[in-house]
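Opened the notebook for a first pass through this one. I want the overall layout, then the core, then any odd backbone angles.

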Amino acid sequence: MRSTILRFWKCRVIVRFIFVVLIVSHLIQGVNAQEVVVNPSVTETTLTRSALRAIFSMRLRTWPDGSLIKVFVLSDNSPLHVQFSKKVLNIFPYQLRRTWDRLVYSGTGQAPTEVNSIKEMCNKVASTPGAIGYLPEKKIDAHVRKVKVVQVK
């Protein structure tokens, strides 16, 4: 009898724990949703994931109209940068860093401009023609424009 009651309570605790973990993870994902933002001078309204990967890996350097792309990123250990790299670009932050380092050390390119805060990211993207970056959804203001990320099938 005692072992049955003990087993029942263990199962109940495990089910509650799983429920709490699922709820918390869902809330965290919603709170930290990030969006790709550009300077209002950029004419693009949608970008594919592969185009974003090319832009943020510094392989694509100009917009279709010929203007230069200026890329802004947060530091490698920033939670928003990690989430953006994994969820939007589908690559790990260390892979991006490796690509940037290869460009810099081989003399064939430059790394993106690193900013220190979300506020600085917003200000730099808003004030730099051709700029692109990423922000939490709740931090997007009228000075930057959100770009939709589309899947190519």
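Entry 1, layout. I read along the sequence and wrote down the pattern α-β-β-α-β-α-α-β-α-β-β for the protein chain. That goes with a tally of 5 helices and 6 strands. Note to self: this is a predicted model.

Entry 2, whole-chain numbers. I looked up burial, and buried residues make up 33% of the 153 residues in the protein chain. For the surface, I got an accessible area of about 10,000 Å², with 61% of that belonging to carbon and sulfur atoms. Then I checked contacts with a separation of 6 or more, and 69% of these join residues 24 or more positions apart.

Entry 3, the core. Which residues touch the most other members of the largest nonpolar core? I found Phe56 and Ile132, in a core of 34 residues. The elements giving two or more residues to this core are strand E1 (34-38), H2, E3, H3, H4, helix H5 (118-127) and strand E5 (131-136).

I then followed Phe56 outward, skipping residues up to four places away in sequence. Phe56 touches Val71, Phe72 and Val73, and also Phe84, Leu89, Leu96 and Trp100. Ile132, Gly133 and Tyr134 complete its list of contacts. So I have the two core residues I started with touching each other, because Ile132 is on the Phe56 list, and I count that as contact since heavy atoms lie within 4.5 Å.

Entry 4, helix H3. I went through residues 79-88 and noted who is buried: Leu80, His81, Gln83, Phe84, Ser85 and Val88. Phe84 I had already met as a contact of Phe56.

Entry 5, odd backbone angles. Just after H3, I ran into Asn90, with a positive phi of about 60°. Asn90 is not a glycine, so I flagged the positive value, and I placed Asn90 in the loop between H3 and helix H4 (93-106). Is Asn90 buried, exposed or in between? I looked it up: Asn90 is partly exposed, at a relative accessible area of 48%.

Met58 also went on the list, with phi near 70°, again positive in a residue other than glycine. I found Met58 in the loop between helix H2 (49-56) and strand E3 (70-73). Buried or exposed, then, for Met58? Its relative accessible area is 15%, and the cut-off for buried is under 20%, so Met58 counts as buried.

Technical notes: Residues are numbered from 1 along each chain as its sequence is written. This is a predicted model: local features need pLDDT of at least 70, side-chain atom pairs count only at pLDDT 80 or more; totals for chains, interfaces and linings use all residues. Side-chain values use heavy atoms; hydrogens and water are left out. Buried means under 20% relative accessible area, exposed over 50%, partly exposed in between (1.4 Å probe, protein chains only). Accessible areas come from the Shrake-Rupley method with a 1.4 Å probe; for residues, only the protein chains shown count as cover. A nonpolar core is a set of buried Ala, Val, Leu, Ile, Met, Phe, Trp, Tyr and Cys residues joined through side-chain atoms within 4.5 Å.
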